[in-house]
Amino acid sequence: MKDKNAKQHRLADLKFLPERCDFCGCCVAVCPVDCIELEEARLSVDMEVCILCGFCPRACPVNALVGVGA
Ligand code: SF4
Ligand code: SF4
């Protein structure tokens with residue numbers, strides 16, 4: 001039986017490359033744990049909360065969020 005609370009880690013790590021980001025908000029919309037904060041021209045990911053699900057690298061149109069070990 002699966003534990004519904006188990007973290008399903010799919011990535012080993014997540015990197016944010018701010019020079020690529022155009023602050024479109026696509027990553028914020030897909031994050032299941034709301035750990036991406038976007039304020040005007042500033043984006044931050046709370047890695048204490050991130051479950052490394054891999055959704056945001058797939059949603060980012062400019063590869064500003066890069067999944068490591070996907
Ligand atoms: S990897 Fe998943 S949990 Fe982590 S910031 Fe991206 S969407 Fe959110
Ligand atoms: S989806 Fe990519 S470009 Fe858009 S806000 Fe997130 S990191 Fe930036």
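## Burial and confidence

Just 13% of the protein's 70 residues count as buried. Keep in mind that this is a predicted model. Its pLDDT averages 90, and 86% of the residues score at least 70.

The stretch to be careful with is residues 1-6, where pLDDT stays under 50. For those residues the model has zero contacts beyond four places in sequence. Where pLDDT is low, the predicted coordinates shouldn't be read in detail.

## Overall fold

Two helices and four strands make up the secondary structure. Walk along the sequence and you meet them in the order β-α-β-β-α-β.

Look at the contacts with a separation of 6 or more, and 65% of them join residues 24 or more positions apart.

## The nonpolar core

The largest nonpolar core has eight residues. Four of its members are cysteines: Cys 27, Cys 31, Cys 56 and Cys 60. The others are Leu 14, Ile 36, Ala 64 and Leu 65.

Leu 14 is a handy one to click on. Setting aside its neighbours within four places in sequence, Leu 14 is in contact with Val 45, Cys 50, Leu 52, Leu 65, Gly 67 and Val 68. Leu 65 from that list is also a core member.

## The two ligands

Ligand 1 has 14 residues around it, and the ones that come nearest are Cys 31, Cys 50, Cys 53, Phe 55 and Cys 56. Its shell divides into 13 nonpolar residues, one polar and no charged.

Around ligand 2 there are also 14 residues, with Cys 21, Cys 24, Cys 26, Cys 27 and Cys 60 coming nearest. Here the shell divides into 12 nonpolar residues, one polar and one charged.

The core turns up in both places. Cys 31 and Cys 56 are on the nearest list for ligand 1, Cys 27 and Cys 60 are on the one for ligand 2, and these four cysteines belong to the largest nonpolar core.

## A closer look at Leu 43

Leu 43 is found in strand S3, which covers residues 42-45. Leu 43 counts as partly exposed because it has 19 C-beta neighbours inside 10 Å, and a residue needs 20 or more to be called buried.

Not counting residues up to four places away in sequence, Leu 43 touches Phe 16, Cys 21, Phe 23, Ile 36, Glu 37 and Leu 38. Among these, Ile 36 is part of the largest nonpolar core, and Cys 21 is one of the residues that come nearest to ligand 2. As for Cys 27, its C-alpha atom is separated from that of Leu 43 by 10.0 Å, with the two residues 16 apart along the chain.

Conventions. Residues numbered from 1 in each chain as written. Chains lettered and ligands numbered in written order. Predicted model: local features only at pLDDT ≥ 70, side-chain atom pairs only at ≥ 80, totals over all residues. Near = placed C-beta within 6 Å. Nonpolar A, V, L, I, M, F, W, Y, C, P; charged D, E, K, R; others polar. Buried ≥ 20, exposed ≤ 12 C-beta atoms within 10 Å, placed from the backbone. Contact = placed C-beta atoms within 7 Å. Core = buried A, V, L, I, M, F, W, Y, C linked by C-beta atoms within 7 Å. pLDDT = per-residue confidence, 0-100.
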